[in-house]
Amino acid sequence: MRKSTHLMTAIVAGAALALAGCADGGSQTAAPLDLTKKPEYSGTLSILTKFGGDPLEPYFEDLAAEYKKLHPDVSFELIQETDQSIKDKTKTLTAS
C-alpha cells in the first residue's frame, strides 16, 4: 500500500473517532454538509503509535513529514512509544 493511502486511512479513522466522541445523542439536526466547500486544514494533529524504534519509527516520521508538506498550517505531534510504554501512556491519556 502506498504511503498516501496509509495517511488517508489514518486521517479518516482519526476523524471518525473524533466525530464519535463529539456525538451527544441530542435531538438537534446537523446543518447540511457543503461538499463543494474546500476544507481548511489548521490546528494540531497528535498521533500516538506503538511503533517507536526500528524498523517502523522512520516510516511514521516520513509520513508525518509528507502530511506537513501538504498541510503547512497544521501542527503535527508524533508520539512514538514501544509496545509496553504505549499501554502505560494510553492509561494516562484516557485518565486525563
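From the N terminus on, the protein chain follows the order α-β-α-β-α. The model is predicted. Its protein chain holds three helices and two strands.

The two strands pair with each other. Strand 1 covers residues 43-49, and strand 2 covers residues 74-80. They run parallel and are joined by seven bridges. One residue pairing can be named here: Thr44 has Ser75 of strand 2 as its bridge partner. Helix 2, residues 57-70, belongs with these strands. Strand 1, helix 2 and strand 2 together make a β-α-β unit, and this unit is right-handed.

Contacts and surface were then considered for the protein chain. Among contacts with a separation of 6 or more, 74% are between residues 24 or more positions apart. The protein chain has 96 residues, and 11% of them are buried. The exposed area is about 7,700 Å². Carbon and sulfur atoms supply 59% of that area.

Aromatic side chains were examined next. The count comes to three aromatic pairs. In one of them, Phe51 and Phe60 are stacked. Their ring centres lie 5.6 Å apart, with 5° between the planes. The two partners differ in burial class. Phe51 has a relative accessible area of 33%, so this residue is partly exposed. Phe60 has a relative accessible area of 17% and is therefore buried, since the limit for burial is under 20%. Phe51 and Phe60 also belong to one aromatic cluster, together with Tyr59.

Tyr67 and Phe76 form a tilted pair. The ring centres of Tyr67 and Phe76 are 5.8 Å apart. Their planes meet at 50°, so the pair counts as tilted, because stacked pairs need planes under 30 degrees apart and edge-to-face pairs need over 60. Burial was assigned to both residues of this pair as well. Tyr67 is buried, at 6% relative accessibility. Phe76 has a relative accessible area of 26% and is therefore partly exposed; this value falls between the cut-offs of 20% for buried and 50% for exposed.

In summary, the predicted model shows two parallel strands joined by seven bridges. These strands and helix 2 make up the right-handed β-α-β unit. The aromatic pairs described include a stacked one, Phe51 with Phe60, and a tilted one, Tyr67 with Phe76.

Methods. Residues are numbered from 1 along each chain as its sequence is written. This is a predicted model: local features need pLDDT of at least 70, side-chain atom pairs count only at pLDDT 80 or more; totals for chains, interfaces and linings use all residues. Side-chain values use heavy atoms; hydrogens and water are left out. Two strands pair if DSSP finds at least two bridges between them. Helices (H or I, at least four residues) and strands (E, at least two) are DSSP runs, numbered from the N terminus. A crossover is right-handed if, with the strands pointing away from the viewer, the path from the first strand over the helix to the second runs clockwise. Buried means under 20% relative accessible area, exposed over 50%, partly exposed in between (1.4 Å probe, protein chains only). Contact means heavy atoms within 4.5 Å. Accessible areas come from the Shrake-Rupley method with a 1.4 Å probe; for residues, only the protein chains shown count as cover. Rings of Phe, Tyr and Trp (its six-membered ring) pair if their centres lie within 6.5 Å; planes under 30 degrees apart count as stacked, over 60 as edge-to-face and the rest as tilted.
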